[in-house]
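Please work through the exercises below with the sequence and the model at hand. Each task is followed by a solution in steps.

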Amino acid sequence: IRGDEVAGYEVRNLIRTLTPGIKGVTIKLVRIYTGNQFNGYVFEIVNVTKDQKLFINVQNLMLGDPNVAILSAVDQDVIEPETTGNHKTYLRIVAKPTSIYNDLKLPIQVVDKRS
């Protein structure tokens with residue numbers, strides 16, 4: 001999770017852009033941990049809107065169908081607009097080894113729109 005080498009897991013740093021289907025949000029996969037028992041994913045989530053705060057609800061996150069995510073955490077669940085300094089966060093997911101990173105369904109909603 002902190003970027004450390006983990007015994008029994010292969011770590012790959014990469015950049016894979018995902019299409020979240022949510023206007024104003026970009027998601028990039030930046031690191032994958034693969035092992036026999038679990039896979040781990042680190043995603044960078046960026047709010048590219050100019051006037052909206054976004055809320056990430058990790059409790060309703062799904063990775064695949066059925067959901068194979070075991071544990072997920074986000075650095076900050078509210079992401080500020082792009083015009084502020086807090087417009088980016090990292091999402092970390094631990095999942096079953098059968099998981100596929102691009103089958104992510106991330107529930108994001110607008111919590112504040114500035115006029």
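A residue counts as buried under 20% relative accessible area, as exposed over 50%, and as partly exposed in between. The model examined here is a predicted one.

**Exercise 1. Salt bridges and accessibility**

Task: Determine how many salt bridges a search of the whole structure finds, and classify the residues of three of the pairs by relative accessibility.

Solution.
Step 1. The search of the whole structure gives six salt bridges. A pair qualifies when a side-chain nitrogen of Lys or Arg lies within 4 Å of a carboxyl oxygen of Asp or Glu.

Step 2. One of the pairs is E10 with R12, whose side chains meet at 3.9 Å, N to O. R12 has 36% relative accessibility and therefore counts as partly exposed. E10, with a relative accessible area of 47%, is partly exposed.

Step 3. Another pair is K105 with D103, where the closest N and O atoms are 3.2 Å apart. K105 is partly exposed at 40%, and D103 is partly exposed at 32%.

Step 4. A further pair is E80 with K53, with 3.7 Å between the closest N and O atoms. This pair links distant parts of the chain: E80 lies in the loop between β7 and β8, K53 lies in strand β4, and 27 residues separate them. E80 has a relative accessible area of 17%, so this residue is buried. K53, at 22%, counts as partly exposed.

**Exercise 2. The sheet around β4**

Task: Establish the order of the strands in the open sheet of three strands, and state which strands stand at the edges.

Solution.
Step 1. Consider the pairing of β4 with β10 (residues 108-113): five bridges join these strands, which run antiparallel. Within this pairing, K53 has D112 in β10 as its bridge partner.

Step 2. Consider next β7 (residues 78-79), which is joined to β4 by two bridges and also runs antiparallel to β4. F55 has V78 as its bridge partner in β7, and L54 stands opposite I79.

Step 3. The order is thus β7-β4-β10, with antiparallel pairing in an open sheet. β7 and β10 are at the edges because each has a single partner strand, and one side of each is therefore left without a neighbour in the sheet.

Step 4. The faces of β4 can now be assigned. In a regular strand, side chains alternate between the two faces of the sheet. In β4, Q52, L54 and I56 form the covered face, while K53 and F55 form the uncovered one.

**Exercise 3. The nonpolar core**

Task: Find which residues have the most contacts inside the largest nonpolar core, and which element gives the largest share of this core.

Solution.
Step 1. The largest nonpolar core has 22 residues, and those with the most contacts inside it are Y41, F43, I45, L91, I93, L104 and L106.

Step 2. Two or more residues come from each of β1 (10-18), β2 (25-34), β3 (39-47), β4 (52-56) and β8 (88-95). The largest share, four residues, is given by β2.

Step 3. F43 may serve as an example. Apart from neighbours within four places in sequence, F43 is in contact with L18, I27, K28, L29, T89, Y90, L91, I93, Y101 and L104.

Step 4. A general tendency gives the background: in soluble globular proteins, nonpolar side chains tend to be buried together.

**Exercise 4. Nonpolar residues at the surface**

Task: Decide whether F38 and I100 are buried, partly exposed or exposed.

Solution.
Step 1. F38 lies in the loop between β2 and β3. Its relative accessibility is 31%, so F38 counts as partly exposed. Together with I70 and L71, F38 makes a nonpolar surface patch of about 270 Å².

Step 2. I100 lies in the loop between β8 and β9 (104-105). I100 is exposed because its relative accessible area is 52%.

Step 3. I100 is in contact with Y41 and L63, leaving aside neighbours within four places in sequence. I100 and N39 are 61 residues apart in sequence, with 9.1 Å between their C-alpha atoms.

**Exercise 5. A peptide bond**

Task: State which kind of peptide bond joins D65 and P66, and where P66 is placed.

Solution.
Step 1. Most peptide bonds are trans.

Step 2. The bond between D65 and P66 is cis, with omega about 10°.

Step 3. P66 is placed in the loop between β5 (62-63) and β6 (69-74).

Technical notes: Residues are numbered from 1 along each chain as its sequence is written. This is a predicted model: local features need pLDDT of at least 70, side-chain atom pairs count only at pLDDT 80 or more; totals for chains, interfaces and linings use all residues. Side-chain values use heavy atoms; hydrogens and water are left out. A nonpolar core is a set of buried Ala, Val, Leu, Ile, Met, Phe, Trp, Tyr and Cys residues joined through side-chain atoms within 4.5 Å. Buried means under 20% relative accessible area, exposed over 50%, partly exposed in between (1.4 Å probe, protein chains only). Contact means heavy atoms within 4.5 Å. Patches are made of residues with over 30% relative accessible area and no salt bridge: like charges are joined within 9 Å, nonpolar side chains (Val, Leu, Ile, Met, Phe, Trp, Tyr) within 5 Å. Accessible areas come from the Shrake-Rupley method with a 1.4 Å probe; for residues, only the protein chains shown count as cover. Two strands pair if DSSP finds at least two bridges between them.
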